[in-house]
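Colleague: I have just opened this one and have not looked at it before. Could you walk me through it while I ask questions as they come up?

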Amino acid sequence: MSYAWSCTYALASAELYGAECTEEMDGANESILTIAENSLDPSMTYSFEVEVSSADGRVATDNIIVSVSVAGSPSATLTDEKNRKVNA
């Protein structure tokens with residue numbers, strides 16, 4: 001399996017909307033994306049997308065929108081639309 005993570009600004013100023021925010025990411029080709037603590041700006045909303053490819057050519061993508069609640073949050077818990085925890 002191969003992984004390709006990307007990040008774009010989802011809700012930001014007009015000049016940043018849709019711009020890449022990959023500098024916040026570590027491990028863009030790993031199965032688990034790591035975001036350094038205190039690296040996300042609480043005034044921004046981020047869209048993280050992952051594309052997963054298998055050796056036989058199958059491809060799947062998914063994304064999640066992330067808003068920072070408190071500046072300097074040391075960790076985050078991601079939930080899906082049914083409020084189920086999706087990160088370890």
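Colleague: Let's start with Tyr46, then: is it buried or exposed?

Modeller: This is a predicted model, and in it Tyr46 counts as buried because its relative accessibility is 0%.

Colleague: Which ring does Tyr46 stack with?

Modeller: Tyr46 forms a stacked aromatic pair with Phe48, with 6.2 Å from centre to centre and 25 degrees between the planes. Phe48 counts as buried as well, because its relative accessibility is 3%.

Colleague: How many aromatic pairs are there by this rule?

Modeller: The count comes to two. Besides the pair with Phe48, Tyr46 forms a tilted pair with Tyr9, where the centres are 5.5 Å apart and the planes make an angle of 45 degrees. Tyr9 lies in strand 1 and Tyr46 in strand 4, so this pair ties together parts that are 37 residues apart in sequence. Tyr9 is buried, as is Tyr46, and ring pairs link Tyr9, Tyr46 and Phe48 into a cluster.

Colleague: And which residues make up the largest nonpolar core?

Modeller: That core has eleven residues, and the three rings we just discussed, Tyr9, Tyr46 and Phe48, are among them. The others are Cys7, Cys21, Met25, Leu33, Leu40, Met44, Val66 and Val68. Strand 1 and strand 4 each supply at least two residues of this core. As a general point, nonpolar side chains tend to be buried together in soluble globular proteins.

Colleague: What is Met25 in contact with, leaving aside its neighbours within four places in sequence?

Modeller: With those neighbours left aside, Met25 is in contact with Trp5, Ser6, Cys7, Leu33, Thr34 and Phe48.

Colleague: You listed two cysteines in the core; what joins Cys7 to Cys21?

Modeller: A disulfide joins them, with 1.8 Å from S to S, and the count of disulfides by this rule comes to one. The link of Cys7 and Cys21 is left-handed, with -80 degrees about the S-S bond. Cys7 lies in strand 1, which covers residues 2-11, whereas Cys21 lies in the loop between strand 1 and strand 2 (25-26), so the pair ties together parts that are 14 residues apart in sequence. Both Cys7 and Cys21 are buried.

Colleague: What else is found in the loop between strand 1 and strand 2?

Modeller: Thr22 is found in that loop, and Thr22 counts as partly exposed because its relative accessibility is 35%. The C-alpha atoms of Thr22 and Ile35 are separated by 9.9 Å, and these two residues are 13 residues apart along the chain.

Colleague: Changing topic to the sheet: what order do the strands have?

Modeller: There is an open sheet of three strands in the order 1-4-5, and the pairing is antiparallel. Strand 1 and strand 5 (59-67) stand at the edges with a single partner strand each, so one side of each is left without a neighbour in the sheet. From one strand to the next, the twist averages 20 degrees.

Colleague: How many bridges join strand 1 to strand 4?

Modeller: Nine bridges join strand 1 to strand 4, which spans residues 45-53, and the two run antiparallel. Looking at particular places along them, Ser2 stands opposite Ser53 in strand 4, while Thr8 stands opposite Ser47 in strand 4.

Colleague: And on the other side, which residue is the bridge partner of Ser47 in strand 5?

Modeller: In strand 5 the bridge partner of Ser47 is Ile65. Strand 4 and strand 5 pair in the antiparallel sense over nine bridges, and they form a hairpin with five residues between them. Gly57, in the turn, has a positive phi of about 95 degrees.

Colleague: How many of the nine residues of strand 4 are buried?

Modeller: Seven of the nine are buried, so strand 4 is largely enclosed by the rest of the structure. Ser53, which is found in strand 4, counts as buried because its relative accessibility is 18%, and the cut-off for buried is under 20%. Leaving aside its neighbours within four places in sequence, Ser53 is in contact with Met1, Ser2, Arg58 and Val59.

Conventions
Residues are numbered from 1 along each chain as its sequence is written. This is a predicted model: local features need pLDDT of at least 70, side-chain atom pairs count only at pLDDT 80 or more; totals for chains, interfaces and linings use all residues. Side-chain values use heavy atoms; hydrogens and water are left out. A disulfide is a pair of cysteine sulfur atoms within 2.5 Å. Helices (H or I, at least four residues) and strands (E, at least two) are DSSP runs, numbered from the N terminus. Buried means under 20% relative accessible area, exposed over 50%, partly exposed in between (1.4 Å probe, protein chains only). Two strands pair if DSSP finds at least two bridges between them. Axes are lines fitted to C-alpha atoms, for helices over the stretch in contact, and angles run from 0 to 180 degrees between N-to-C directions. Rings of Phe, Tyr and Trp (its six-membered ring) pair if their centres lie within 6.5 Å; planes under 30 degrees apart count as stacked, over 60 as edge-to-face and the rest as tilted. A nonpolar core is a set of buried Ala, Val, Leu, Ile, Met, Phe, Trp, Tyr and Cys residues joined through side-chain atoms within 4.5 Å. Contact means heavy atoms within 4.5 Å.
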